[in-house]
Amino acid sequence: MQAKIAISLPTEMLAIGGGMASARAISRSAVIRETVDYFIRMERQQQVMAEAREIYAAIESEDRALAEAYSALNSETWPIYEDGGSVS
């Protein structure tokens, strides 16, 4: 489904879009459609990347806490266990 809209563009922008349309043998409407589609995809990609950065920051924080907890355990000295039995 498509809807028609009316937009106002600066003359220079319209000229550039018209040149792009001519060079690619497509309509100005197709150039504008592709441009809006590209903009929407880039916005979504930026949102996904921002969410991923938040997730990885949380994972990094958790990993650091686990490494610090392990470091404390790793530095403890444990007595050697001897049960007096033989290994079979």
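**Exercise 1. Find which helix gives the most to the nonpolar patch, and list the patch residues.**

Solution. Helix 2 gives the most, with four residues; helices here are DSSP runs (H or I, at least four residues), numbered from the N terminus. This is a predicted model, where local features need pLDDT of at least 70, side-chain atom pairs count only at pLDDT 80 or more, and totals for chains, interfaces and linings use all residues. Residues are numbered from 1 along each chain as its sequence is written, and side-chain values use heavy atoms, with hydrogens and water left out.

Next, the members: Ile5, Ile7, Leu9, Met13, Leu14, Ile32, Val36, Phe39 and Ile40, with about 810 Å² of accessible area together. Patch residues have over 30% relative accessible area and no salt bridge, and nonpolar side chains (Val, Leu, Ile, Met, Phe, Trp, Tyr) are joined within 5 Å. A salt bridge would be a side-chain nitrogen of Lys or Arg within 4 Å of a carboxyl oxygen of Asp or Glu. Areas come from Shrake-Rupley with a 1.4 Å probe, and only the protein chains shown count as cover.

Last step: helix 1 and helix 2 each supply at least two patch residues. Met13 is found in helix 1 and is partly exposed at 46% relative accessibility (buried is under 20%, exposed over 50%, partly exposed in between; 1.4 Å probe, protein chains only).

**Exercise 2. Work out what lines the second largest pocket.**

Solution. Start with the volume, about 220 Å³. A pocket is an open set of points on a 1 Å grid over the protein atoms alone, with protein on both sides within 12 Å along at least five of seven lines, and lining residues have an atom within 4 Å of a point. Points are joined across faces, edges and corners, and the volume is the space filled by probe spheres set on them.

Now the lining: Ile7, Leu9, Met13, Leu14, Gly17, Gly18, Met20, Arg28, Val31, Ile32, Thr35 and Val36. Helix 1 and helix 2 are the elements giving two or more residues to that lining. By class, you get eight nonpolar, three polar and one charged (Ala, Val, Leu, Ile, Met, Phe, Trp, Tyr, Cys and Pro are nonpolar; Asp, Glu, Lys and Arg charged; the others, Gly among them, polar).

**Exercise 3. Locate Ala25 and say what stands out about its phi.**

Solution. Ala25 sits in the loop between helix 1 (11-24) and helix 2 (28-74). Its phi is near 55°, a positive value in a residue other than glycine. Most residues other than glycine have a negative phi. Finally, Ala25 is exposed, at 71% relative accessible area.

Terms used. 1 Å grid on protein atoms, 1.4 Å probe; cavity = no way out; pocket = protein on both sides within 12 Å on 5 of 7 lines; lining within 4 Å. Patch = residues over 30% accessible without salt bridge, like charges linked within 9 Å, V, L, I, M, F, W, Y side chains within 5 Å.
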